[in-house]
Amino acid sequence: IMEREDLNFLLQNAPAGEICELCKQIKARATVKVIQKPTPQTLLVPVKDPINGGEFLGGEVLVTSAIVHVDGNNGWAMVMDDKPEMAIDLAIIDGAFGAGICVDDIVRVGELGRWAYNAEKHKLNGQVASTRVAFDLL
């Protein structure tokens, strides 16, 4: 079962064409009203200190957020970088999910995002593992 809290992350990894098509379907079935246009902003990123367990601010990241109403249900999204189109599309999808509109299609596209993320993570882990040094062989 897909949790609404996971949608924003998973959909950022889904194919852009699938996101666009899904938004077209939602707009054809529901009333979409933009509450907050896509807004670029920076967020301070807290980092946990592994030595003493405390936290410090590690820097800023650029994000874009948007808020919409889909048939009266709030939809929200925050995406990495300055991507206004993606922010509004993901907010629409989030609102539709909350309203029960196109849920099966949303879950399907979310699973595509999960698959793409896991494939990329597996590829990166393989690249990192290939640099491992076996000190007992030196």
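How many aromatic pairs does the count come to? Here are my notes; keep in mind that this is a predicted model.

1. The aromatic count comes to 1 pair. The partners are Phe-9 and Tyr-117: their ring centres sit 4.8 Å apart and their planes meet at 75 degrees, so we call the pair edge-to-face. What makes it fun to look up in the viewer is where the two rings come from. Phe-9 belongs to helix α1 (residues 4–12) and Tyr-117 to helix α4 (residues 103–129), so the pair links distant parts of the chain, 108 residues apart.

2. Are these two rings buried or exposed? Neither label fits: Phe-9 has 40% relative accessibility, so it counts as partly exposed. Tyr-117 is also partly exposed, because its value is 30%.

3. Next, have a look at Asp-89, which is in helix α3 (residues 84–99). Asp-89 is buried, yet it has no salt bridge. The nearest side chain of opposite charge is Lys-27, 4.9 Å away, and a salt bridge needs the atoms within 4 Å. If you skip the neighbours within four places in sequence, Asp-89 touches Ile-19 and Cys-23.

4. On to the cysteines, where the disulfide count is 0. Why does Cys-20 not form one? Its closest cysteine sulfur, in Cys-23, is 7.0 Å away, which is too far for a bond. Cys-102 misses out as well, because its closest cysteine sulfur, again in Cys-23, is 9.8 Å away.

5. Accessibility is worth checking for these cysteines too. Cys-20 is partly exposed, with a relative accessible area of 35%, whereas Cys-102 is buried, at 7%.

Technical notes: Residues numbered from 1 in each chain as written. Predicted model: local features only at pLDDT ≥ 70, side-chain atom pairs only at ≥ 80, totals over all residues. Heavy atoms only, no water. Phe/Tyr/Trp six-rings, centres within 6.5 Å; stacked < 30°, edge-to-face > 60°. Helix = DSSP H or I, 4+ residues; strand = E, 2+ residues; numbered from the N terminus. Buried < 20%, exposed > 50% of the residue type's maximum accessible area, 1.4 Å probe, protein only. Lys, Arg positive; Asp, Glu negative; His and termini not counted. Contact = heavy atoms within 4.5 Å. Disulfide = S-S within 2.5 Å.
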